[in-house]
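Biologist: I would like to learn how to read helix packing and aromatic pairs in a model. Could you walk me through it?

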Amino acid sequence: SSVSFTLTRCPALMRVPLASPKGGPSWLLWAYCFGCCLEAPAGRLTDLDASLRKKGGSEAQVLTELTSFDDKSNPRLSCSEGMAHARQLVDRKFGDMQLKPLGSRDFRFVVPGTKDKECPDGITNLIAAVEGSDEMLKDEYLLLVSHLDGPTNQGPSRDQGLLETDNSYDNAGSVAALLSMAQYFKDNPTKRSIIFFISDGEEGINNVAVSDAWKQAFCNSPAYWGNTKGCYNYPIGFTAWAKNPTLDLKKVKLVFAMDPLGSPGIEGHDFVAALGAETTPGLQQLIEEGFQGSPTHPLFINRLYVPTSYSDADALTKNFSPLCGSSEPVTCLNGIPAVWFAQTAFGKYHGGVDGQFLLPPMESGQIPLIKVPKELATFALDMRKNFNDEALQKVAESLRNVVKTVGNKDDLSYLVYDPKVYDGVKEANVQCGDPPMPTCGFSLQDVINNKKAFDYLQAALGNTYKLDTQVGSAVKLLCMALSFQLGSIIKAYEGKSENPREVIPKEFAQTMPGLIAVVAMALDFYVEEPGRLPYYGTYE
């Protein structure tokens with residue numbers, strides 16, 4: 001996932017008053033306006049099978065390889081020598097696994113106009129596939145995507161440069177998980193074919209290791225697909241492929257974006273946010289089936305709770321231009337069903353950069369029942385030694401189970417992306433007075449999902465040992481209060497519709513729907529573990 005906390009990323013902030021027109025807290029506006037990706041007992045941790053360890057290496061082994069170069073930390077900025085080294089490593093692993101190349105040249109897909117003296121390897125994706133085992137279904141694809149490039153350090157230590165940052169969490173861990181799944185499904189193919197997509201340039205133009213003149217020239221070129229009002233961050237590599245794909249996009253039935261992975265969220269109660277399922281009827285139920293019995297728990301979060309964030313999957317969903325056929329009546333592909341999987345370790349993410357937005361509401365009392373002393377806040381650099389290998393192995397196993405479930409389904413024709421879902425939320429917010437962040441138009445299913453998420457966090461916070469107890473107790477009380485309020489809304493609409501996606505309860509807006517994302521992300525700033533530094537004053 002990508003964050004660029006420059007005014008060009010969220011220019012609306014320059015025009016917004018400190019309180020919303022409806023009197024809502026200003027901190028929530030800021031929380032919505034930063035770019036981010038994103039929360040019961042933990043299940044049994046099982047080892048990867050022996051063949052996977054032998055052929056592809058464990059996730060931890062691969063992660064170590066990706067995050068080092070010449071015995072130094074390798075942050076892998078696009079166009080850097082370290083990025084070229086990591087890409088060559090992945091390219092070689094794809095070849096060793098004898099995967100099918102799906103790039104424009106072998107496994108590689110170079111973004112047009114990006115390969116030159118300043119960027120010798122170009123902004124270059126790697127794309128491979130495992131063919132499905134079913135003669136009828138192997139022409140349908142699941143697409144798994146993780147970005148290999150990393151950001152510059154933007155946290156409290158930004159003035160110190162990259163330091164020893166190697167971007168293990170964002171996003172080498174997800175790449176390591178994807179490679180382990182590639183080996184597994186090469187040995188154990190599903191009925192459908194699976195694409196393994198390693199993207200470049202996801203962190204955006206501000207995180208490319210080139211001159212400002214190069215960046216500006218790119219933004220003025222036909223290869224630029226970002227906001228036309230300036231030179232903006234967006235997922236460069238995957239978007240370029242989505243505009244000029246190397247296979248028929250109608251064959252891609254489902255996209256899983258993994259970014260970032262490798263954090264339990266709450267120690268001993270691993271969870272992963274699943275964003276975007278609300279756009280496709282039946283998708284959440286399918287994902288829930290895949291997670292059954294897995295060591296990591298999914299929390300279903302509406303993608304619009306973090307509307308200014310972005311992921312690779314956006315190029316095929318909310319930013320997708322419909323493809324229409326010539327048949328009568330005309331049929332259009334309006335987008336491809338997608339889920340963005342993300343785990344929360346925002347005390348490490350980009351060096352703790354989101355603390356400038358997440359910590360003030362935790363400290364000021366603007367969140368009901370929560371007021372945390374400033375001295376409790378910590379951050380950590382995104383480094384290999386600060387990474388949670390066990391959490392990565394758990395979530396990799398869990399997502400492997402999901403891919404296996406989906407890949408072996410006899411029929412996925414019912415999964416149809418519906419752009420009207422987000423259009424409806426946008427229209428509802430206009431009618432609500434056009435608040436600066438979406439609060440209206442969400443469905444009863446979103447109410448149900450938020451209640452389940454708060455219930456999970458409440459249970460986990462009552463049984464964890466790595467989170468500051470003062471913070472854990474306060475957030476637990478908040479979860480209890482919101483769960484009760486959401487439960488009352490659910491009860492009020494009982495029996496009014498068989499499909500909770502079709503019910504739009506106006507009362508939901510009063511609970512600040514996106515608060516679940518804010519709380520889940522803020523927790524990591526209060527984790528107690530080695531490698532943490534005081535958030536305030538460390539590098540001042």
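**Rings and helices**

Modeller: Gladly! This is a predicted model. Let us begin with one ring: Tyr536 is partly exposed, with a relative accessible area of 32%.

Biologist: And Tyr535, buried or exposed?

Modeller: Tyr535 has a relative accessible area of 11%, and because buried means under 20%, Tyr535 counts as buried.

Biologist: How many aromatic pairs are there?

Modeller: The count comes to 18 aromatic pairs. In one of them, Phe525 and Tyr535 sit edge-to-face, 5.9 Å centre to centre with 85° between the planes. That pair links distant parts of the chain, 10 residues apart: Phe525 lies in the loop between α14 and β15, while Tyr535 is in the segment after β15. Phe525 and Tyr535 are both buried. Tyr535 also pairs edge-to-face with Tyr536, at 5.1 Å centre to centre and 80° between the planes.

Biologist: Which residues do ring pairs link into a cluster?

Modeller: Trp214, Phe218, Tyr224 and Tyr234.

Biologist: Now the helices. How are two packed helices described?

Modeller: By the angle between their axes and the distance between the axes. Here, α8 (residues 283-291) and α10 (residues 389-407) have axes that come within 7 Å and cross at roughly 125°. That angle makes α8 oblique to α10, and their crossing is right-handed.

Biologist: Which residues of α8 and α10 meet?

Modeller: On the α8 side, Leu286, Ile287, Glu289, Gly290 and Phe291; on the α10 side, Ser398, Leu399, Asn401, Val402, Thr405 and Val406. By type, the residues of this contact divide into 6 nonpolar, 4 polar and 1 charged.

Technical notes
Residues are numbered from 1 along each chain as its sequence is written. This is a predicted model: local features need pLDDT of at least 70, side-chain atom pairs count only at pLDDT 80 or more; totals for chains, interfaces and linings use all residues. Side-chain values use heavy atoms; hydrogens and water are left out. Axes are lines fitted to C-alpha atoms, for helices over the stretch in contact, and angles run from 0 to 180 degrees between N-to-C directions. Helices (H or I, at least four residues) and strands (E, at least two) are DSSP runs, numbered from the N terminus. Angles under 35 degrees count as roughly parallel, over 145 as roughly antiparallel, 65 to 115 as roughly perpendicular and the rest as oblique. A crossing is left-handed if the near helix is turned anticlockwise from the far one by less than a right angle, and right-handed if clockwise. Contact means heavy atoms within 4.5 Å. Ala, Val, Leu, Ile, Met, Phe, Trp, Tyr, Cys and Pro count as nonpolar, Asp, Glu, Lys and Arg as charged, and the others, Gly among them, as polar. Rings of Phe, Tyr and Trp (its six-membered ring) pair if their centres lie within 6.5 Å; planes under 30 degrees apart count as stacked, over 60 as edge-to-face and the rest as tilted. Buried means under 20% relative accessible area, exposed over 50%, partly exposed in between (1.4 Å probe, protein chains only).
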